[in-house]
Amino acid sequence: MNQPRGAAGRRVAWLAWLLLVALALAQVVRTPVLTDITAFLPGPADADQRLLAAQLRDGVAARLLLVELELPPAVVDDRWGPELARLAGRLRERIADDPAFRWVADGSAGAFERDRQALFDARWHLLDEPLDVAALRLAFARLEDTLRSAAAPAVRPIAAEDPTLASLRLLERLGAGDAPRTRHGAWVAADGRRAMLIAETRAPGFDLDAQQQALARLQLHLRTALADGPADLPKPTLNAAGPGPFSVASRTAIEGDVTRLSIAATALIALLLWAVLRSVRVIGLAAIPVATGVVVALAAVGLGWGSIHGVTLGFGITLIGEAVDYAIYAWVQRRPDGGAAPQLWSGIALAVATSAAGFAAMFFSGFAGLAQLGAFSIVGIVAAGACARWLLPPLLPATPRPAPPRIVAAVDAAAQAAARLRVPLAVAALAAVLLLVSRGERLWNDDPAVLSSLPAATTERDGRVRDALGLPDLRLLVAVRGATADEALARAERLAPTLEAARAAGRLAGWDSPATLLPSAATQQARRDALPDADTLRARIAQALAGTNLRAEAFEPFVRSVAAARAGPPLTAAHYEGTGLGRRLAAQRVEDRDGAAVLVTVRGVADPAAFAAALRALPADHPAGRPVVLDLKDDVRHLIADYRQRALQVALGGVAVIVLLLAWRVRTPRAIAGVVAALGCGCLLAGAGLVLLYNSLTLFHLVALLLVAGVGSNYTMFCSTLPANPADRAAARLSVVLCAASTFIAFALLATSSAPVLRMIGSTVALGVIATLLCSFAFASSSTATAR
Amino acid sequence: MTARPRRAACALAAALLAAGVARAADTPTPPQAWTPVPALAQAPAPTGPVPARAGADVLLDRIVDGLARDAARERRFVERRRSALFVEPVESRGTLRFVAPATFEKLTDAPTRERLRIDAERATVQRGEGAPVVVALDAHPALRAIADALRGALAGDARALRTAFTPAVSGDDARWRIELVPRDAGAARAIERVVLAGGGGRLERIDVLERSGDATELWLVGRDGRG
């Protein structure tokens with residue numbers, strides 16, 4: 001035993017460990033798990049991005065669920081269309097009665113009755129409707145013609161109160177023309193296989209537990225609605241799309257991954273260790289630093305962030321592969337007399353330090369999510385290293401059972417073979433450099449979509465439902481700011497001509513400004529002032545009706561409605577309470593600490609980049625103020641590119657620290673050159689391999705490559721400081737191979753995760769571990785011990 | 001109509017207009033003089049005792065079957081509409097044509113040539129030489145109810161009539177009357193009931209009573225398409 005302390009010291013160490021683990025566990029159970037993928041995106045940089053982020057996260061848009069009922073593919077005709085529409089209706093009734101939901105629509109006429117009524121009542125505030133004699137004469141002539149046609153029943157109910165049919169024009173203008181087609185009285189698709197509903201949950205979109213419950217309620221409602229229908233209706237599946245369901249789906253997937261991958265990694269690594277070490281006790285002991293590291297790291301993240309991201313949880317799997325290394329080094333490099341190999345403990349300390357340097361790059365990357373991964377890993381490996389150093393040695397069996405000679409011989413042979421691969425590896429590394437350089441800027445993929453853990457089919461379905469319901473594409477938003485909500489609305493009104501010109505020129509299919517539903521106070525006042533008083537209007541009606549077949553007295557309701565609007569209170573958002581329009585309005589009006597803003601949505605923009613550039617180029621003194629164009633995709637892409645640049649600098653700094661640490665360890669220039677060559681070639685080969693596999697690299701690949709440098713430096717260091725004694729030498733080599741194999745297992749498993757961030761990191765490190773191990777044997781293997 | 005095309009609003013207005021009234025030169029004479037009493041009172045009164053429910057169902061099926069066999073694919077019509085908004089009732093004439101299985105057309109000749117074509121989901125309207133305008137029936141439940149009634153009667157589809165309306169039948173095969181009350185809430189807001197009347201296997205008259213009190217009586221006259 002080279003442990004300087006006695007039984008008392010050991011007892012203190014164990015007590016400290018117990019206390020630490022207990023405290024950490026207490027923290028871990030209090031820490032909630034989040035899966036909001038925006039955590040991995042750069043934080044909002046300015047007021048406008050804050051606005052966008054807040055809307056996307058907490059706004060009405062984040063609470064909307066698009067629900068699709070889809071009959072099995074075997075149904076090929078419209079036979080079940082009417083029954084599907086009735087099913088959608090029953091589902092709507094149940095959702096409407098459910099307190100978990102605030103609003104629901106299935107396209108049935110009744111669902112929009114309140115909207116129609118709200119618009120009808122507000123029409124004099126929303127339209128510049130000329131009521132002079134000439135306009136009235138034209139309007140009445142049109143009305144008379146309509147009333148003489150077979151279409152009369154459709155117009156007759158509103159004709160006496162709204163003879164100019166202003167309310168119909170208003171409906172048209174608000175997109176009734178783009179409204180999804182209904183069939184059989186509901187949003188049933190033309191093939192009769194799909195029906196759609198739209199619902200708003202009461203809980204915010206980021207409250208995943210509540211969202212999950214809402215989804216479960218939907219399924220329950222569908223079951224009871226099905227039970228009330230014909231028994232022979234093919235059972236439809238319920239697909240829910242929207243921010244809530246998507247987050248729930250990725251959380252479920254990540255949680256499933258964490259369980260599955262942790263079990264798989266633990267089992268595979270235990271199997272590997274058993275094959276080589278043949279000691280259940282050692283495997284059990286190796287679990288102590290691993291478990292300690294994971295628990296302490298989770299607790300540290302919980303303390304620092306208040307919650308833990310699902311991706312961090314998934315990343316914890318890699319800690320199994322990393323932390324087990326220290327127990328392996330401690331065990332394999334033991335001497336038969338129970339003492340440690342020379343420099344073993346300083347070597348492990350250095351291994352911890354270089355790995356930590358790699359993870360530190362993630363910590364400083366500027367991405368909240370990556371910072372969490374970095375902190376998690378640094379704390380985890382330091383805890384695991386300390387555990388291996390101060391707790392394990394006294395517990396290891398007194399006499400190690402030697403590793404199977406065949407394995408030792410194989411590892412030695414492989415190491416010898418690798419040493420002959422110097423030239424080919426150097427050539428391959430050179431080719432890798434050429435490949436990477438030749439790609440230029442195409443090397444990098446900064447599209448935030450690569451972060452989405454949703455299967456393509458899911459996003460495609462979301463797009464399909466959105467299209468079918470005529471919902472705006474949320475990629476592009478025009479934000480108009482003002483000191484007050486009314487000023488923002490007034491500015492949005494002044495932006496209308498610009499947008500209308502763009503629409504007329506075919507640059508966009510449509511736009512939707514909240515000022516249409518809620519005009520500014522000044523506009524409302526101007527419209528009210530333009531309305532004639534009752535006596536004037538009666539006189540004009542009489543004049544306009546001269547010579548027609550219409551009776552002036554019949555239009556007294558029209559006169560009354562104009563008089564009421566003229567004398568009544570101004571229109572406020574409260575007018576739309578409880579309607580779909582109210583929902584839309586709430587989603588488009590924001591008040592925050594930067595003032596107020598309204599969001600104008602656009603549809604069918606032909607060239608988003610050009611459209612954004614045109615609006616951004618409006619002169620500073622434009623009456624609409626300075627509208628801000630938020631291009632979700634492009635803005636985030638640019639941010640990611642910026643962060644990638646910064647991450648590259650941080651990564652280079654990290655590599656420098658790693659190299660310095662190794663240099664301090666190996667001392668001689670020759671050995672330093674070997675170490676640098678091994679690390680450099682390993683990382684280059686891994687990077688080129690990724691490009692060949694995925695065609696481009698992301699920020700996450702870059703950060704993971706730094707991790708490769710951190711992990712690979714361990715192999716390089718142990719290879720470059722192999723002991724002189726042949727037995728020790730073989731043991732040291734074996735331990736390096738074992739460590740690399742366990743790390744490979746953990747990261748290769750991570751590469752099968754459903755979270756793209758984890759997949760990218762997993763595949764990069766798995767590839768990098770093999771490459772750096774090979775290069776370490778080739779370039780850094782020393783024939784004699786070079787450091788003391 | 002001199003309305004300049006103002007975006008889609010005009011399309012809708014045009015569609016609404018297009019089912020328009022025509023006063024053809026060869027105006028058929030109504031089979032009887034117009035009377036000032038409410039149109040629905042004009043329908044023939046039940047002749048026998050009110051049949052039992054099952055009997056009424058059988059009668060409805062038989063009447064509607066007969067209409068399908070009659071296959072009056074093309075009939076001239078005279079229509080008169082009364083409204084609280086009108087000083088005088090208005091009249092129109094033209095041709096109704098049914099094309100199995102689900103399409104019917106209302107053709108008017110003057111003052112503007114118009115063609116209203118209604119199929120399962122849409123009403124398509126062509127006014128003069130203008131481009132056809134398409135309106136979804138789902139957006140206009142009142143139009144759909146009228147279309148359903150006409151189609152059900154002309155196609156002889158009793159099941160379709162029962163799906164869209166609550167029917168009440170009275171009279172006998174020689175002289176019958178079918179009252180249709182819309183089931184759909186949207187349609188019922190505009191249409192109180194549609195009454196079909198006829199006898200001897202022929203549909204003679206269609207009355208539409210609206211919630212507003214307006215009423216339309218449509219007499220089918222002339223010979224069928226097989227002439």
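Among contacts in chain B between residues at least 6 apart in sequence, what share joins residues at least 24 apart? In this predicted model, the share for chain B is 49%. For chain A, residues 24 or more positions apart account for 82% of the contacts with a separation of 6 or more.

**The two chains in outline**

Let's start with the overall make-up. Chain A has 788 residues, and 55% of them are buried. Its secondary structure comes to 28 helices and 12 strands. The surface that chain A exposes is about 31,700 Å², with carbon and sulfur atoms supplying 62% of it.

Chain B has 227 residues, of which 52% are buried. Here the secondary structure consists of 5 helices and 11 strands. Chain B has an accessible surface of about 10,300 Å², and 55% of that belongs to carbon and sulfur atoms.

**Aromatic rings in chain A**

A pair of aromatic rings is described by the distance of the centres and the angle of the planes. The count of such pairs over all chains is 3. One of them joins Trp14(A) and Trp17(A), whose ring centres are 5.3 Å apart with the planes at 80°, so this pair is edge-to-face. Both tryptophans belong to helix α1 (residues 7–30) of chain A, and being 3 residues apart they are separated by about one helical turn. Trp14(A) is partly exposed, its relative accessible area being 25%.

Phe140(A) and Phe555(A) form another pair: their ring centres lie 5.0 Å apart and their planes meet at 65°, so this one is edge-to-face. Phe140(A) sits in helix α5 (residues 133–147) of chain A, while Phe555(A) is in the loop between α20 (534–545) and α21 (556–567), so the pair ties together parts that are 415 residues apart in sequence. Are these two phenylalanines, Phe140(A) and Phe555(A), buried or exposed? Phe140(A) and Phe555(A) are both buried.

Another ring in chain A has a charged partner. The charged end of Arg123(A) sits over the ring of Phe120(A), at 4.1 Å from the ring centre.

**A buried glutamine and a nonpolar patch**

Gln211(A) is a nice residue to look up in the viewer. It belongs to helix α8 (residues 208–227) of chain A, and with a relative accessible area of 1% Gln211(A) is buried. Leaving aside residues up to four places away in sequence, Gln211(A) touches Leu65(A), Thr201(A), Ala203(A), Pro204(A), Gly205(A), Gly244(A), Pro245(A) and Val248(A).

For a view of the surface, turn to Phe364(A). This residue lies in the loop between α12 (344–363) and α13 (368–390) of chain A, and at 53% relative accessibility Phe364(A) counts as exposed, because the cut-off for exposed is over 50%. Together with Trp305(A) and Phe363(A), Phe364(A) makes a nonpolar surface patch of about 310 Å².

**Salt bridges in both chains**

Side chains of opposite charge can pair when their charged atoms come close. Over all chains, the structure holds 39 salt bridges. The table gives a few to look at, with N to O distances.

| Salt bridge | Distance |
|---|---|
| Arg733(A) and Asp412(A) | 2.9 Å |
| Asp173(B) and Arg62(B) | 2.9 Å |
| Glu105(B) and Arg97(B) | 3.2 Å |

In chain A, the salt bridge between Arg733(A) and Asp412(A) links two helices. Arg733(A) is in helix α27 (residues 726–750) and Asp412(A) in helix α14 (residues 405–419), so the pair ties together parts that are 321 residues apart in sequence. Arg733(A) counts as buried at 6% relative accessibility, whereas Asp412(A), at 26%, counts as partly exposed.

In chain B, the salt bridge between Asp173(B) and Arg62(B) links a loop and a helix. Asp173(B) lies in the loop between β7 (165–172) and β8 (175–182), and Arg62(B) in helix α2 (residues 53–70), so the pair ties together parts that are 111 residues apart in sequence. Asp173(B) is partly exposed, with a relative accessible area of 36%, and Arg62(B) is partly exposed at 42%.

For the salt bridge of Glu105(B) with Arg97(B), Glu105(B) counts as buried at 2% relative accessibility, while Arg97(B) counts as partly exposed at 28%. Which residues do salt bridges with shared partners join into one network here? That network is made up of Glu74(B), Arg97(B), Glu105(B), Arg115(B) and Arg117(B).

Methods. Residues numbered from 1 in each chain as written. Chains lettered and ligands numbered in written order. Predicted model: local features only at pLDDT ≥ 70, side-chain atom pairs only at ≥ 80, totals over all residues. Heavy atoms only, no water. Phe/Tyr/Trp six-rings, centres within 6.5 Å; stacked < 30°, edge-to-face > 60°. Helix = DSSP H or I, 4+ residues; strand = E, 2+ residues; numbered from the N terminus. Buried < 20%, exposed > 50% of the residue type's maximum accessible area, 1.4 Å probe, protein only. Lys NZ or Arg CZ within 6 Å of the ring centre and 35° of its normal. Contact = heavy atoms within 4.5 Å. Patch = residues over 30% accessible without salt bridge, like charges linked within 9 Å, V, L, I, M, F, W, Y side chains within 5 Å. Areas by Shrake-Rupley, 256 points an atom, 1.4 Å probe, with all protein chains shown as cover. Salt bridge = Lys/Arg side-chain N within 4 Å of Asp/Glu carboxyl O.
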